[in-house]
Amino acid sequence: MIKLRWILFISKRFATVDTKGRSAVTNYLSVFGIGFGVMTLIIIMGVMNGFQSGFINSILEVNSSHIRIEKSGNKPDEDILGLPGKINEIVSVLPVLETQTLIEGGIRKKQQGIVLRAVPEFPLTIDKGLASAVTVPRGDFDLATENSIVLGSELASYLGVAIGDKITILALTGGTGTDLFPDNCEFTLSGVFKSGYYEIDSSFAFINLKDAVNLFYGGNSNTIYPFVYNIKLKDKNNDLKVLSVLKSLETNECKIQSWREYNRVFFGALKIEKNMMLILVFIIFVVVSVNIFHGMRRSIYDRREESGVLRALGASPYELRLIFLLNGILTGITGTFIGLVLGLLVGNNIAYVFHMAESVVNGIMYFLNMLLSGTSDGMNSFKIFNPVYFYMTDVHVVFYYKEILLISMFGIGSALVAALRASRDLLGLKAVEVLQYE
């Protein structure tokens with residue numbers, strides 16, 4: 001305990017002042033480097049997690065589902081529709097018919113290829129996940145009225161249509177039972193939805209199942225329809241457990257898939273993107289580690305007289321090395337703690353930080369514009385996420401504690417490794433060689 005006490009005292013002294021009693025600037029810069037790296041990585045990973053979770057949520061809740069069952073029939077299968085009452089993990093089952101179509105609308109008769117999805121009359125009542133993932137800025141998501149249609153916000157904006165306007169179906173793609181140019185092809189816009197995902201908002205439209213049967217198959221009740229049943233779970237990560245139960249229902253006429261299977265390419269691309277960003281930002285720690293190594297080597301060289309005196313007083317080379325190792329660990333812990341606090345603080349208030357940055361930039365632009373031209377007319381305001389280029393209204397941040405722990409360990413470890421490497425020469429230090437000219 002006595003040895004540890006003096007080692008801690010010397011290590012703290014070396015960390016705070018240099019050989020001349022002045023503030024140890026090099027050590028403070030090392031702490032700043034570690035803190036900046038940890039803060040940057042936590043903020044970047046939090047924002048990226050927020051983007052990815054938003055995209056994944058929009059895709060699973062609006063475009064697809066947690067589990068999908070494909071089974072053809074002349075009407076929705078009652079056994080599949082009754083699964084929420086049989087399996088506790090299942091929240092809802094939404095039967096869907098889907099095709100691609102060309103629609104026309106607006107005064108200018110603009111045309112656009114879309115995905116036309118047929119669902120029950122009140123899909124938001126059945127599918128709470130869909131209801132939570134979309135907003136309805138105009139009209140109602142109500143398909144009870146015959147020949148009513150709901151469009152994505154970007155699609156409605158492109159066509160230039162308002163609630164109550166007529167939308168014309170020009171052509172359909174499908175099997176041999178699908179008419180290419182149906183007779184009954186005029187629909188009334190009853191609502192506009194917004195998911196926050198551009199590909200969905202610009203290419204999706206919803207109608208009810210009864211109208212779809214008339215439109216796609218001419219109302220023939222004997223036709224076999226390719227139904228897809230979108231199943232939502234309480235927790236999408238329990239899909240494999242539910243899938244094992246549902247596999248007993250699978251036959252040659254029934255295909256069951258998890259969201260991990262039919263979205264594999266997209267989610268795989270997101271994972272690769274995140275891993276690459278993780279690798280690139282970890283390079284910050286490599287640079288910081290090199291700086292700590294060189295700074296500590298110089299500190300060890302500058303303190304060779306102090307080290308010689310300590311050796312002459314009985315300190316072993318390993319105890320001297322422990323002094324500098326503790327210095328490195330203290331640097332890593334201090335920098336990591338500062339970076340962790342700042343990263344979580346800035347990340348949780350990232351929208352406010354962006355707003356402040358925009359205000360500062362706009363203030364500088366306004367001042368320069370007034371100084372140079374004497375007027376602010378024609379000055380464009382600066383926005384970090386300009387809606388012209390970015391399809392988002394706000395920035396979501398999601399922190400995963402495992403990632404935060406990994407980042408913190410890497411921040412402390414980088415300083416420790418640099419200290420280990422820099423203090424290696426102390427093992428061969430001899431007090432006589434250092435002090436013979438003093």
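## Strand β9 and its partners

Two strands are said to pair if DSSP finds at least two bridges between them. In this predicted model, strand β2 (residues 90-105) is joined to β9 by six bridges, and these two strands run antiparallel. Within this pairing, Val93 stands opposite Ile231 of β9.

Strand β1 (residues 67-73) is also antiparallel to β9, with seven bridges joining them, and here Glu70 has Val228 as its bridge partner in β9. Strand β9 itself covers residues 225-233, and seven of its nine residues are buried, so the strand is largely enclosed by the rest of the structure.

## A salt bridge that reaches β9

Side chains of opposite charge can pair when their charged atoms come close. One such pair is Lys232 and Asp127, whose side chains meet in a salt bridge with an N to O distance of 2.7 Å. This pair links distant parts of the chain, since Lys232 belongs to strand β9 while Asp127 sits in the loop between α5 (123-126) and α6 (128-133), 105 residues apart.

Lys232 has a relative accessible area of 3% and Asp127 one of 2%, so both count as buried, the cut-off being under 20%. Glu61, Asp127 and Lys232 are linked in a network of salt bridges.

## Other salt bridges

The structure holds seven salt bridges, including one between Asp77 and Lys71, in which the closest N and O atoms are 2.9 Å apart. Asp77 counts as buried at 17% relative accessibility, whereas Lys71, at 24%, counts as partly exposed.

How values were computed. Residues numbered from 1 in each chain as written. Predicted model: local features only at pLDDT ≥ 70, side-chain atom pairs only at ≥ 80, totals over all residues. Heavy atoms only, no water. Buried < 20%, exposed > 50% of the residue type's maximum accessible area, 1.4 Å probe, protein only. Helix = DSSP H or I, 4+ residues; strand = E, 2+ residues; numbered from the N terminus. Salt bridge = Lys/Arg side-chain N within 4 Å of Asp/Glu carboxyl O.
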